[in-house]
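Open the structure in your viewer and keep the selection panel at hand. The tour moves from stop to stop.

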Amino acid sequence: MLFTGITKQYRHNNASSQQQKHAKSTTIANNSNSISKVRKSKPSFTSYSNLDFTSASECDESDDEIFSDACSDMDTNSIDTDVITQSKRSKSKFGFSNAKLPSFTGKEKWEVWINRFEAVANLQNWDNRTKLGELLTRLQGEAGDFVFDQLNSKTLKNYSKLATELKNRFGVFENKRAYQVQFNRRTQKPNEDTADYAAELKRIYDKAYSNRQAKIRQEDLLQRFLMGLSDTEARIHLELNKDPKTIEEAVQEVITYKETTSEIH
């Protein structure tokens with residue numbers, strides 16, 4: 001009887017011990033699963049801890065939510081960015097960016113190029129700092145060599161000063177006397193379109209005689225147009241048969257005459 005009692009007690013204690021071990025194992029397993037789920041549901045930020053946030057462009061290009069959260073907490077104003085980089089990311093209130101403007105190499109007409117640049121700048125509401133950045137990024141060739149080799153740092157930080165230096169270097173200074181000589185000698189070039197020839201005469205005349213009365217202007221332009229016309233037969237036809245009063249009428253008569261004669265021949 002004594003032996004039987006000891007055996008039952010041993011079996012009871014052993015069963016209790018096994019139940020405790022099983023319960024402990026279950027708890028550990030559950031905890032492990034919970035930790036694993038937490039890790040899967042929210043990635044650790046440590047994988048980004050070694051990244052060097054040197055520009056905000058990394059934040060713009062990332063689709064990672066954790067990475068985006070970190071970028072949103074960054075103070076981007078503390079990033080030291082030069083005006084050239086800033087200009088590439090500039091946007092107007094119209095939502096435009098990266099305006100399609102050609103480079104300036106020094107071979108283009110400065111007056112035409114800068115007028116186009118200013119027109120785009122006004123449309124996009126650029127301030128002088130933005131215009132400075134946009135201008136610097138478009139200076140290439142001889143113009144780039146002049147600006148970045150010869151101008152001082154203060155000029156490179158001031159849009160108005162930089163534009164003035166470029167105008168002085170590459171702009172054409174208008175001399176009325178020179179334009180007057182050019183107008184009086186201007187004739188139609190070989191293969192030059194009649195309308196283009198007339199338009200060029202008007203451009204030169206307005207620079208040479210900016211204060212002439214409208215009537216005198218028309219007479220001068222018409223006379224110069226007829227004298228410089230390369231098609232002698234067309235000129236004689238206009239003088240004898242048409243007697244145009246303005247340069248615009250003369251251009252149209254020349255075009256009509258050429259069309260008519262080409263059909264006959």
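**Stop 1: a pocket**

The second largest pocket has a volume of about 220 Å³. Remember that this is a predicted model. To see the walls, select Lys 109, Glu 111, Val 112, Val 172, Glu 174, Tyr 179, Arg 203 and Lys 207. Which elements give two or more residues to this lining? They are α5 (110-123) and α11. Now colour the lining of the second largest pocket by class: 5 residues are charged, 3 are nonpolar and none is polar.

**Stop 2: α11 and α12**

Stay with α11, one of the elements in that lining. Select residues 194-208 for helix α11, then residues 214-228 for helix α12. Their axes come within 10 Å and cross at roughly 135°. Angles of 65 to 115 degrees count as roughly perpendicular and those over 145 as roughly antiparallel. The pair α11 and α12 is therefore oblique. The crossing of α11 past α12 is right-handed.

Next, show the side chains in the contact. On α11, pick Thr 194, Tyr 197, Ala 198, Leu 201, Lys 202, Tyr 205 and Asp 206. On α12, pick Ile 216, Arg 217, Asp 220, Leu 221, Arg 224, Phe 225 and Gly 228. How do the residues of this α11 and α12 contact divide by class? There are 7 nonpolar, 5 charged and 2 polar.

**Stop 3: α5 and α6**

Go back to α5, residues 110-123, which also helps line the pocket. Add helix α6, residues 128-136. The axes of α5 and α6 come within 11 Å, with a crossing of roughly 135°. These two helices, α5 and α6, are therefore oblique to each other. Their crossing is right-handed.

For the contact, select Trp 113, Phe 117, Glu 118 and Ala 121 on α5. From α6, add Lys 131, Glu 134 and Leu 135. The α5 and α6 contact holds 4 nonpolar and 3 charged residues, and no polar ones.

**Stop 4: α6 and α9**

Keep α6 on screen and select helix α9, residues 159-170. Here the axes of α6 and α9 come within 9 Å and cross at roughly 40°. That angle makes α6 oblique to α9.

Which residues make the contact of α6 with α9? On α6 they are Asn 128, Lys 131, Leu 132, Leu 135 and Leu 136. On α9 they are Tyr 159, Ser 160, Leu 162 and Leu 166. By class, the contact of α6 with α9 has 6 nonpolar, 2 polar and 1 charged residues. Lys 131 and Leu 135 of α6 belong to this contact and also to the one with α5.

Definitions and conventions. Residues numbered from 1 in each chain as written. Predicted model: local features only at pLDDT ≥ 70, side-chain atom pairs only at ≥ 80, totals over all residues. Heavy atoms only, no water. Axes fitted to C-alpha atoms, helices over the stretch in contact; angles between N-to-C directions. Helix = DSSP H or I, 4+ residues; strand = E, 2+ residues; numbered from the N terminus. Parallel < 35°, antiparallel > 145°, perpendicular 65-115°, else oblique. Left-handed = near helix turned anticlockwise from the far one by under 90°. Contact = heavy atoms within 4.5 Å. Nonpolar A, V, L, I, M, F, W, Y, C, P; charged D, E, K, R; others polar. 1 Å grid on protein atoms, 1.4 Å probe; cavity = no way out; pocket = protein on both sides within 12 Å on 5 of 7 lines; lining within 4 Å. Points joined across faces, edges and corners; volume = space filled by probe spheres on them.
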